[in-house]
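Student: Before we turn to individual elements, I would like to go through this model by question and answer, reasoning from the computed geometry each time.

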Amino acid sequence: KKEERLRDLCGFDIITNGSLINREIVKFAKEHNISFGVSLDGFKHNHDQMRMYDKNLGTFEDVVRGINLLRKNGIEYSILCTVGPHNINELDRICEFFIRKLGAKNINLTLPLCKIGEGYPFAKEILINHLFNQVIKASKIIRKYGAYEGTYFKHLISFIEEEIFRGECDGMGCQVVVFPDGRIGPCLAFINERGFFTKWDLLKFDIKNKKIFQKFSKGIALLMPECKRCPALGICGGGCMYNRFVKGGKVEKQDKYFCEFMIKLLKHFVYELGKSPNFC
């Protein structure tokens, strides 16, 4: 009975690079109503620049095979596309490919990290105007096909419904990430960072009593003093906490790049609404 109550209260998602999805995994997922978030950065020439096996062998074919297995078996999945210099110029075509060829109904465009180390492809910063314009183009394609995209649409919904947007993702105090080795933490992006993941007894685990989860729950823009006068506060949330940590050294630090993006997004919403009342 306890297990049944837990399953009613929790959703189970597997975040994966998709390369190892097989029939056995699909069968288990279907039996337990598990959904997937699968990382795919675009076409083969985009994806294989960033996501490789040893000896620089790309993973694109295996990821697409895994997605098609999920699709064939009626398992809910979203495509997680990390935006960067390797795919920014084809974002609209990539999203159309996800929808028309892979049947995606839910796409999440993860905004890029900037200047995080020499030799890393994302060390090259994408100018904010170019990023914004490409995301808007992609969102129009996604909307055309009746699909959903997390980066754009969740902020639009907040704007339309005149409701405060709490946080960029569930990692801000509403999510428990469990790794196969038993470590538990608030956000999968921090797995290689010290102090964010610890081994706990999952059956005795209480998110409300763990300081690291409390810290993340207080990282939303609504609780950040420097955000109080921002016109985009109501639709923002504060952006990705891992981006904030990488760029500023603290999860509580603002990501100025994301701040600029959100100001532009708010102006876009207001402009489009003024131009066409049916925009929403």
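Student: How many residues does helix α7 have, and what span is expected for it at 1.5 Å a residue?
Tutor: This is a predicted model, and in it helix α7 covers residues 150–161, which makes 12 residues. From its first C-alpha to its last the helix reaches 16 Å, close to the expected span, which is also given as 16 Å.

Student: Is α7 largely enclosed or not, and how many of its residues are buried?
Tutor: The buried residues include Gly 150, Thr 151, Tyr 152, Phe 153 and Lys 154, and His 155, Leu 156, Ser 158 and Phe 159 belong to the list as well. They pack against β4, α6, β5 (148–149), α9 (233–236) and α11 (256–275). The helix is therefore largely enclosed by the rest of the structure, the number of buried residues being nine of the 12.

Student: Which residues does Phe 261 touch, leaving out those up to four places away in sequence?
Tutor: Phe 261 is, with Phe 36, Phe 98 and Leu 131, one of the residues that touch the most other members of the largest nonpolar core, which has 54 residues. Another core, of 17 residues, lies apart from it and has Phe 196, Phe 205, Phe 213 and Tyr 242 among its members. With the sequence neighbours left out, the residues touched by Phe 261 are Leu 111, Ile 128, Leu 131, Phe 132, Val 135 and Thr 151.

Student: Why is β3 described as largely enclosed by the rest of the structure?
Tutor: On one side of β3 lie Tyr 77, Ile 79 and Cys 81, on the other Ser 78, Leu 80 and Thr 82, and all of these are buried, so that both faces are covered. The strand is largely enclosed because its buried residues number six of six.

Student: In which sense does β3 pair with β2 and with β4, and what is the hand of the crossover from β3 through α5 to β4?
Tutor: Strand β2 (residues 35–39) pairs with β3 in the parallel sense over four bridges, and Gly 37 stands opposite Ser 78. β3 and β4 also pair in the parallel sense over four bridges, with Asn 108 in β4 as the bridge partner of Leu 80. The chain passes from β3 through α5 to β4, and this β-α-β crossover is right-handed.

Student: Which residues of α5 are buried?
Tutor: Helix α5 runs over residues 91–102, and it is followed by Gly 103, which has a positive phi near 70°. The cover over its buried residues includes α3 (44–50), α4 (60–72), β3 (77–82), β4 (106–110) and α6 (128–144). The buried residues are Leu 91, Asp 92, Ile 94, Cys 95, Phe 97, Phe 98, Ile 99 and Leu 102.

Student: Why is Cys 81 not bonded to Cys 95, and how far apart are their sulfurs?
Tutor: A search of the whole structure finds zero disulfides, and Cys 187 is likewise in none, its nearest cysteine sulfur, that of Cys 169, being 5.8 Å away. Cys 81 is buried, with a relative accessible area of 0%, and Cys 187 also counts as buried, at 12%. For Cys 81 the closest cysteine sulfur is that of Cys 95, too far for a bond because the separation is 6.4 Å.

Technical notes
Residues are numbered from 1 along each chain as its sequence is written. This is a predicted model: local features need pLDDT of at least 70, side-chain atom pairs count only at pLDDT 80 or more; totals for chains, interfaces and linings use all residues. Side-chain values use heavy atoms; hydrogens and water are left out. A disulfide is a pair of cysteine sulfur atoms within 2.5 Å. Buried means under 20% relative accessible area, exposed over 50%, partly exposed in between (1.4 Å probe, protein chains only). Helices (H or I, at least four residues) and strands (E, at least two) are DSSP runs, numbered from the N terminus. The expected span of a helix is 1.5 Å times one less than its number of residues. Contact means heavy atoms within 4.5 Å. A nonpolar core is a set of buried Ala, Val, Leu, Ile, Met, Phe, Trp, Tyr and Cys residues joined through side-chain atoms within 4.5 Å. Two strands pair if DSSP finds at least two bridges between them. A crossover is right-handed if, with the strands pointing away from the viewer, the path from the first strand over the helix to the second runs clockwise.
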